[in-house]
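Good morning, colleagues. I should like to present one protein chain, beginning with its charges and ending with a single strand.

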Amino acid sequence: MADINCAALVYIEDDRLLLVKVRELEKYYLPGGKIEVDEEPIDAAIRETYEELNVVLDKSLVRYLGRVEGPAYPQDAVVSLECFTYDGKLNDVSENNEITEVRYFDLRHHEQIAPAVLVLIEQLNTGELSYAK
C-alpha cells in the first residue's frame, strides 16, 4: 500500500514528456499532487495542473491512464500516482506556486527524472500503460 496518494498529468508531445521541478530539488516529476479528502482523482489532477502550470484543463478531455506506484521523491516512501492524460493542447504553460521550472524531457533522458516517473516511462515502453491521443 502506498504512503502517498497523488493525481498526476501525463502529457507527451513530440515524444517528450512534460515534467516540473520544485525549488532546489534535483529531479523532475509529473505535474500533480496529493489528492485531498473527498476529492476525486480526476479533480485533483485538474486542480493541481492549474495550481502548478496556470492551465485550465477541460474535464471532458481528461482521460484516466492508470495507476503507477514507485519510490516517492525526495521522501523515503512509496507514492501511488493516479495518472491522467489530456486530449487537448496545453497552451501558455508557466511556472506557478512552488514550481520553479517546466520542461519537456525526451523519454530516453533519465538522469534528472524522479523514480516514480521512471516507473511510468517503463510501463509506457512495455505497453503496460498505453498513451494515445
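**Charge, fold and strand β3**

The protein chain carries 13 positive and 27 negative side chains, and the centres of these two sets are 4 Å apart. Here Lys and Arg count as positive and Asp and Glu as negative, with His and the chain ends not counted; each charge is placed at NZ of Lys, CZ of Arg, CG of Asp or CD of Glu.

A word on provenance: this is a predicted model, in which local features need pLDDT of at least 70 and side-chain atom pairs count only at pLDDT 80 or more, whereas totals for chains, interfaces and linings use all residues. Residues are numbered from 1 along each chain as its sequence is written, and side-chain values use heavy atoms, leaving out hydrogens and water.

In sequence order, the protein chain reads β-β-β-β-α-β-β-β-α, where helices (H or I, at least four residues) and strands (E, at least two) are DSSP runs numbered from the N terminus. Of its 133 residues, 48% are buried, meaning under 20% relative accessible area with a 1.4 Å probe, protein chains only.

Let us turn to strand β3. Six of the seven residues in β3 (residues 16-22) are buried, so the strand is largely enclosed by the rest of the structure. Strand β2 (residues 12-13) pairs with β3 in the antiparallel sense over two bridges; pairing requires at least two DSSP bridges between the strands. Strand β7 (residues 99-106) also runs antiparallel to β3, joined by seven bridges. Arginine 16 stands opposite glutamate 13 and also opposite aspartate 106 in β7.

Notes: Buried means under 20% relative accessible area, exposed over 50%, partly exposed in between (1.4 Å probe, protein chains only).
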